[in-house]
Amino acid sequence: MAYAGVAPERTTFYEQGTTDKPTGLKSWLLSTDHKRIGIMYLTAMMFFFAIAVSLGLLIRLELLTSGPTLPFVNQRIYNSFFTLHGVIMIFLFVVPGLPSVFGNFFLPLQLGAEDVSFPRLNLFSFYLYMTGAVLALVSIVMPGGSPDTGWTFYVPYSYETGPAAIMAGLAAFVLGFSSILTGLNFVTTIHRMRAKGMGFFKMPLFTWSLYATAWIQVLATPVIGITLMLVLAERFLQVGVFNPALGGDPVLYQHLFWMYSHPAVYVMVLPAMGVVSDMLATFCHRTIFGYKAIALSSMSIAVVGYLVWGHHMFTTGISPTSAKIFSLLTFFVAVPTGMKIFNWVATMYKASIELKTPMLYTLAFIFQFSIGGLTGLPLAALSTDIQLHDTYFVLGHFHYVAFGGIVFAFFGGLYYWYPKMFGRMYDERQGVIGFLLQFIGFNLLYFPMFMLGLKGMPRRYYDYLPEYESLHALSTYGSWILAAGLLLMAWNFLRSLGKGEEAPDNPWEGTTLEWDTTSPPPLLNFDKEIVVTRGPYDYPEEETR
Amino acid sequence: MSHDNSHAHHEPIPYHVFVIVWIALLVLTGITVGASIFFPGVIGITVAGIVTPLKAFLVMYWFMHLKYEGPAMKIMVASAMIILLILLAGLLGDILFR
């Protein structure tokens, strides 16, 4: 045992709640237990993820052939499809996903705490999230049609188009508040609720990544909120901020938008890196290589990530001086990111790797995220970006980071922590087959986008020239294989809830604190005060295989 | 639990301190408005750029009790301010040299 003073207790948080009655709908909807809130986030996010995936499949289906393919999709509807796909996927799933689901469930467990610092605020964050989600869904049925601006809401189009764009912007504003409050809660929890003996450098790397993420959430998210409010002020009060006709500057909108939205990429990816670090140590059964370097590189990514937003704007006519600085700074982000990847690879070197499903997702993350990261470099270079900007190359790059990296890490984390969250084991064989389908489908779906982009295929176009057809078709076939993998995974998780084998407390021989309590944990996580006596990944020498 | 006990207890702040800070804020607002009326353009904006952070400082330091907080809270607020400065510098790097 790595930790002293832990006495497992068999009443789980499913049987004991924070409300009068331990079970029933009310006991969930009013629960301030971080674990129940995490599971409510998970349920809601899987629903929104399914909607966004369906929209993505429709987009790919429309692009299967040159010219109109689906009879009910015209240019306007196609614009709505990619806008809603982006808004739902980014604001309702990828940005809040890892912190809200796994952060809520596992941060207090990994710290040896009973809950987060502000449990009621945590529940309030969840309801803000749901309010934002409802606003986003309402925007679909607004008079004048669904939002069609793209998820970036660029002006001047966003205040010239129908009112749905305003509703979607308002949704993003409310969701931003949810994100800020979650970040605030996590920063406070990490500072004030660590178990006795747990210094900062005894925290698991997932917790470190949440710490870096939480700072970004607190400091960067207000910028997008204010920006969206300025769009409203301009539209309804004719205040000249972004509209040249009123004396405003449309490029200023892009500055403000990307000041948030680029750091938001790190809100998405840092927790993914944290999950991957934890899973690597567990399935290699050894101390992670370069623990401090990985921990501190999360913080440096968080800091440098603030300074690079201008690389989204190289073709907008920003000053050459500024463009050069942003380009240089963007290359700097590759340094801490590269440090992580080298440390992960070094951890695997000569390790006896156990290829369970979560580890497969970890390996896929490293492979796909590396491609996503490296294809970011041509976009960070001023000369090549002029050719590649707003082409399918950008789509390929972004999806290799967001889906191939973050979402794969999310699924890996779900397999990894599923036994702890639900007290049941998933089906390993189905897990592996589902992973293979997703891996093949994903790469078939997104890799052709790099080639399409290099050939000049612009993003967000409803139609294209026949010369692009074969690559588009390949991409669409990939989407079907990926969807099959996702369905199998969903089936596996749902079926295992009832029919899965009972999970042991520590099925993977993990060393972080969440594995030292029961599966699922009791209401207050541990029934005795935790005393941490060694590092998070300290495997005794004789146990290192 | 290991506590980062940064919240220091302090005596209640006398009302006259708040009144003085309030008057200072009004005077500074007057300076900003006056500068924008009598010296519109670069001078007005420069004055606003200097006076506004000063006002923010007064509000945070006295009204929001930052003066009586421990170092952890001060570091948090300072880092937010540094980020804000960085964002403004990045913005001006484009607007001034475009």
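Modeller: In this predicted model, chain B has an accessible surface of about 6700 Å², and 80% of that surface belongs to carbon and sulfur atoms. Its secondary structure comes to three helices and zero strands, and buried residues make up 23% of its 98 residues.

Colleague: What makes the nonpolar surface patch, and which helix of chain B gives the most to it?

Modeller: The patch covers about 760 Å² and is made by Val19(B), Trp22(B), Ile23(B), Leu26(B), Val27(B), Ile31(B), Phe63(B) and Met64(B). Helix H1 of chain B, residues 15–38, gives the most to it, with six residues.

Colleague: Why does Ile31(B) count as partly exposed?

Modeller: Partly exposed is the range between under 20%, which is buried, and over 50%, which is exposed. Ile31(B), whose place is in helix H1 of chain B, has a relative accessible area of 40%, and therefore it is called partly exposed.

Colleague: How do you know that Asp249(A) forms a salt bridge with Arg98(B)?

Modeller: The rule asks for a side-chain nitrogen of Lys or Arg within 4 Å of a carboxyl oxygen of Asp or Glu. For Asp249(A) and Arg98(B) the closest N and O atoms are 3.2 Å apart, so the pair meets that cut-off. Across the interface of chain B and chain A, the rule finds one salt bridge, and the two chains bury about 1900 Å² between them.

Colleague: What makes Asp249(A) buried and Arg98(B) partly exposed?

Modeller: Asp249(A) has a relative accessible area of 18%, and because buried means under 20%, it is called buried. Arg98(B), at 44% relative accessibility, counts as partly exposed, because that value lies between 20% and 50%.

Colleague: Which residues are linked with Arg98(B) in a network of salt bridges?

Modeller: Asp249(A) and Asp94(B) are linked with Arg98(B) in that network. Between Arg98(B) and Asp94(B) the closest N and O atoms are 2.7 Å apart, so this pair also falls within 4 Å. Asp94(B) has a relative accessible area of 0% and is therefore buried, the cut-off being under 20%.

Colleague: Why is the pair of Asp148(A) and Arg76(A) called a salt bridge?

Modeller: Their closest N and O atoms are 3.4 Å apart, so the pair meets the limit of within 4 Å. Asp148(A) lies in the loop between helix H4 and helix H5 of chain A and Arg76(A) in helix H3 of chain A, so the pair ties together parts that are 72 residues apart in sequence.

Note on methods. Residues numbered from 1 in each chain as written. Chains lettered and ligands numbered in written order. Predicted model: local features only at pLDDT ≥ 70, side-chain atom pairs only at ≥ 80, totals over all residues. Heavy atoms only, no water. Patch = residues over 30% accessible without salt bridge, like charges linked within 9 Å, V, L, I, M, F, W, Y side chains within 5 Å. Areas by Shrake-Rupley, 256 points an atom, 1.4 Å probe, with all protein chains shown as cover. Helix = DSSP H or I, 4+ residues; strand = E, 2+ residues; numbered from the N terminus. Buried < 20%, exposed > 50% of the residue type's maximum accessible area, 1.4 Å probe, protein only. Buried area = accessible area lost by both parts, 1.4 Å probe.
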